[in-house]
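This report concerns one protein structure and addresses its pockets, its salt bridges and its strand pairing. The sequence and the model are shown first.

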Amino acid sequence: MQIAPHLHRIGNDIVAAYLVDTEEGITVIDAGLPGHWRDLLAELASMGRRVDDIRGVILTHGDSDHVGFAERLRRERGVPVYVHPGDAERAKGGPKPKNPTGRMRVGALLGFAAYSLRKGGARPVWLTEVVEARPGDVLPLPGAPEIIGMPGHSPGSIAVHVPLVDAVFVGDALTTRHVLTGAVGPAPAPFTDEPAEALASLRALLPTHATWVLPGHGAPWAGGVEAAVDAVERAAAAR
């Protein structure tokens, strides 16, 4: 679906990935689940684009529900996949800490699990090669994406600021739909390695003044980054 000019989303509020579409080509931010490959092809067709128009993939972190079809693009089309070095091994299937889950609602949990299974989540396709992306880098990709360090959810979590679309792509630095409870609105994401560090990292988003805040889980937020960060901080304080 098109969210705004030059900006598209595939997937849904359970798991999402994003496309930045420019004359120079397409930048993919996060790659969802393996089964989102078909969604990618369908969205490209609706845009009048082809897979060969994709110039790069940026992963906000290395969890299985974000690496999705990235390795397929890299292996079959030679598309570079950018990952913070702190999450390179995780994106290759390396160890991930077991974090406490907190509150859960059975319906939301089953919905997440069922959707993940339908989209191939039980058999993630890990990366075999990555290109490093470090905080402060402006990558040589369509939209001139800038990397913002967001440690906390994982050591190498990042956000991606793309001024062209007035958006910051935050991965699991925050959520607007909690996958375990179904609660909507900006809030801390579950399965976070270091919750306090993740909360503190949100302040790094404020200088972007972006209108769009685009998480890996939940609806796109068009209320501005300042309001989103404030809402997450208030939700954390209320726990």
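The sections below take up the pockets, then the charged side-chain contacts, and lastly the sheet. The structure is a predicted model.

**Pockets**

The volume of the largest pocket is about 560 Å³. Its lining comprises 33 residues, and those closest to the centre are H178, P188, A189, P190 and R239. Two strands and two helices each contribute at least two residues to this lining: β11 (175-177), β12 (184-187), α6 (195-201) and α7 (225-237). By residue class, the lining of the largest pocket holds 18 nonpolar, 10 polar and five charged residues.

The second largest pocket has a volume of about 360 Å³. Around it stand 18 lining residues, with S64, D65, K96, F112 and F191 nearest the centre. Helices α2 (64-67) and α5 (106-118) each provide at least two residues of this lining. Of the elements involved, α5 gives the most, namely four residues. The lining of the second largest pocket divides into nine nonpolar, five polar and four charged residues.

**Salt bridges**

Across the whole structure, 16 salt bridges are found. Three of them are set out in the table, with the distance between the closest N and O atoms.

| Salt bridge | Closest N to O distance |
|---|---|
| R49 and D53 | 3.7 Å |
| R72 and E76 | 3.3 Å |
| R74 and E129 | 3.5 Å |

How exposed or buried is D53, the partner of R49? D53 has a relative accessible area of 12%. Because this value is under 20%, D53 counts as buried.

The bridge between R72 and E76 lies within a single helix. These two residues are four positions apart in helix α3 (residues 70-77), so about one helical turn separates them. R72, at 33% relative accessibility, is partly exposed. E76 is also partly exposed, with a relative accessible area of 42%.

The salt bridge between R74 and E129 has a closest N to O distance of 3.5 Å. This pair links distant parts of the chain, with R74 in helix α3 and E129 in the loop between α5 and β7 (131-132), 55 residues apart. The two partners fall into separate exposure classes: R74 counts as buried at 18% relative accessibility, whereas E129 counts as partly exposed at 48%. Elsewhere, D63, R90, K96 and D193 are joined into one network by salt bridges that share partners. K96 is also among the residues nearest the centre of the second largest pocket.

**Strand pairing**

In what order do the seven strands of the open sheet run? The order is β1-β2-β3-β4-β5-β6-β7, and the pairing is mixed. At the edges are β1 (2-4) and β7, each of which pairs on one side only. The loop that holds E129 lies between α5 and β7, and α5 in turn supplies four residues to the lining of the second largest pocket.

Within the sheet, strand β4 (residues 25-29) and strand β5 (residues 54-58) pair in the parallel sense over four bridges. I26 stands opposite I54 in β5.

Note on methods:
Residues numbered from 1 in each chain as written. Predicted model: local features only at pLDDT ≥ 70, side-chain atom pairs only at ≥ 80, totals over all residues. Heavy atoms only, no water. 1 Å grid on protein atoms, 1.4 Å probe; cavity = no way out; pocket = protein on both sides within 12 Å on 5 of 7 lines; lining within 4 Å. Points joined across faces, edges and corners; volume = space filled by probe spheres on them. Nonpolar A, V, L, I, M, F, W, Y, C, P; charged D, E, K, R; others polar. Salt bridge = Lys/Arg side-chain N within 4 Å of Asp/Glu carboxyl O. Buried < 20%, exposed > 50% of the residue type's maximum accessible area, 1.4 Å probe, protein only. Pairing = 2+ DSSP bridges.
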